[in-house]
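This report goes through a few parts of one protein model in turn. Please keep the sequence and the structure at hand while reading.

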Amino acid sequence: MADNVPRSIQEALLWATERLAAAGCETPRLDAEILLCECAGVERAFLLGHGTECVPAEAWPRFQEWVARREKREPVAYITGHREFYGMDFAVTPAVLVPRPETEHLVDEVLALAQTRYRAAQTILIADAGTGSGAIAIALAAHLPHAQVCALDSSREALEVAWRNAHRHGVRDRMCLVQSDLLERLPWAVDILVANLPYVADEEWPTLAPEIRFHEPAQALRGGANGLDLIRRLLRQAPARLRPGGAVVLEIGAGHAAEAERLARAAFPGGHVRVGQDYAGLDRVVVVQTP
Ligand SMILES: C[S@@+](CC[C@H](N)C(=O)[O-])C[C@H]1O[C@@H](n2cnc3c(N)ncnc32)[C@H](O)[C@@H]1O
């Protein structure tokens, strides 16, 4: 297809799908549809019903440019600049991890704890360590109108993205954003500590998709030799930063459940520790509840 001639939506999608499939993208048709929708400012349903119509002329150059970026395995969310998480739209840049659907399970766990352990109008103090785009912290602030949430990250660039997202979702006044090594600079003790910290082990790193290895920030993903360096350090810091009756909710990686559970029991000898599964049935979260 000549690069400067916009064709029908069907043809444009076929062209892009073939290029993305050849580049090794896992979901080439879906990616092509998302990129075209963003470029043309339409919903996906529109593409299905209007396949024979021309791609809007003004959308075509950008679509070509975006398909070329996706061919280099740049994540779709970095190209479009946003990603949905917990039914909310979050700005993302290459400074932050693209929020993953499995991380929504952490939000569910915290909301369940909040409902069972705190009265509806009670102020709950929450910390989200390694907040990245702020997805977890902001989803919690949005669903818990009486919560005060401190979002921490070692990356200033990530905190800037989180700040924008907090503003976008109208929760900025109940949040503080702090540049910190884990909990070092957490300003107050909290009721619930939640964290999705880097947990990719060194030997797993070379096996990850190019979207992750070459585009997402390594410091958002890599967790040392066996992947548990940051989780281990956080669990050492956590007891001193929890209020009485507090809880810790941590995302874990494949194969980490037994060791993470052991570390949690060592950090909280009097606490109740359990491992929870995500919707795919994989061990995904360690939850500690203190007396
Ligand atoms: C796996 S990402 C999670 C981002 C976000 N919470 C999410 O679930 O989409 C981990 C985050 O931890 C941050 N991080 C890495 N090391 C850290 C440290 N020592 N202290 C604080 N944050 C750290 C990274 O910058 C990154 O934003």
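A polar contact is a pair of N or O atoms within 3.5 Å; inside the protein, one of the two must be able to donate a hydrogen and the other to accept it. One such pair joins threonine 290 to glycine 245: a polar atom of the threonine 290 side chain lies 3.4 Å from the backbone nitrogen of glycine 245. The model is a predicted one.

## Threonine 290 and glycine 270

Threonine 290 sits in the segment that follows strand 9 (283-289). Is threonine 290 buried or exposed? The relative accessible area of threonine 290 is 13%, so this residue is buried. Leaving aside residues up to four places away in sequence, threonine 290 touches Arg117, Leu242, Arg243, Pro244, Gly245, Gly246, Phe268 and Gly271.

Glycine 270 belongs to the loop between helix 11 (257-267) and strand 8 (272-277). Glycine 270 counts as exposed because its relative accessibility is 60%, and the cut-off for exposed is over 50%. In sequence, glycine 270 and leucine 282 are twelve residues apart, while their C-alpha atoms are 26 Å apart in space.

## Helix 2 and helix 4

Helix 2 covers residues 28-40 and helix 4 covers residues 60-71. How do the two pack, and what angle do they make? The angle is about 145 degrees, and the axes are 9 Å apart. The crossing of helix 2 and helix 4 is right-handed. On the side of helix 2, the residues that meet helix 4 are Asp31, Ala32, Leu35, Leu36, Glu38 and Cys39. On the side of helix 4, the residues are Arg62, Phe63, Trp66, Val67 and Arg70. Sorted by class, this contact has seven nonpolar residues, four charged residues and no polar ones.

Two residues of helix 2 can be followed further. Leucine 36 is part of helix 2 and has a relative accessible area of 1%, so leucine 36 is buried. Beyond residues up to four places away in sequence, leucine 36 touches Ile9, Leu13, Leu47, Val55 and Phe63. Of these, Phe63 is also one of the helix 4 residues in the helix contact. The C-alpha atoms of leucine 36 and arginine 284 are separated by 34 Å, and the two residues are 248 residues apart along the chain.

Proline 28 is also found in helix 2. With 16% relative accessibility, proline 28 counts as buried. Apart from residues up to four places away in sequence, proline 28 touches Thr17, Leu20 and Ala21. Proline 28 and leucine 13 are 15 residues apart along the chain, and their C-alpha atoms are separated by 9.5 Å.

## Helix 5 and two positive phi angles

Threonine 80 lies in helix 5 (residues 76-80). Why does threonine 80 count as buried? The reason is its relative accessible area of 16%, as buried means under 20%. The side chain of threonine 80 reaches the backbone oxygen of histidine 82 at 3.3 Å. Not counting residues up to four places away in sequence, threonine 80 touches Ile34, Leu35, Glu38 and Trp66. Among these, Leu35 and Glu38 of helix 2 and Trp66 of helix 4 also take part in the contact between those helices.

Arginine 73 is placed in the loop between helix 4 and helix 5. Its relative accessibility is 14%, so arginine 73 counts as buried. Phi of arginine 73 is near 70 degrees, which is a positive value in a residue other than glycine. Tyrosine 86, in the loop between strand 1 (82-85) and strand 2 (88-91), also has a positive phi, near 50 degrees.

## The ligand

How many residues surround the ligand? There are 19, and the closest are Gly130, Asp153, Asp181, Leu182 and Ala220. Three polar contacts with the ligand are listed below.

| Residue | Atom of the residue | Atom of the ligand | Distance |
|---|---|---|---|
| Serine 180 | backbone N or O | nitrogen | 3.4 Å |
| Leucine 182 | polar backbone atom | nitrogen | 2.8 Å |
| Asparagine 196 | side-chain N or O | oxygen | 2.9 Å |

Leucine 182 thus appears in two places: it is among the closest residues to the ligand, and a polar backbone atom of leucine 182 is 2.8 Å from a ligand nitrogen.

Technical notes
Residues numbered from 1 in each chain as written. Predicted model: local features only at pLDDT ≥ 70, side-chain atom pairs only at ≥ 80, totals over all residues. Heavy atoms only, no water. Axes fitted to C-alpha atoms, helices over the stretch in contact; angles between N-to-C directions. Left-handed = near helix turned anticlockwise from the far one by under 90°. Contact = heavy atoms within 4.5 Å. Nonpolar A, V, L, I, M, F, W, Y, C, P; charged D, E, K, R; others polar. Buried < 20%, exposed > 50% of the residue type's maximum accessible area, 1.4 Å probe, protein only. Near = heavy atom within 4 Å.
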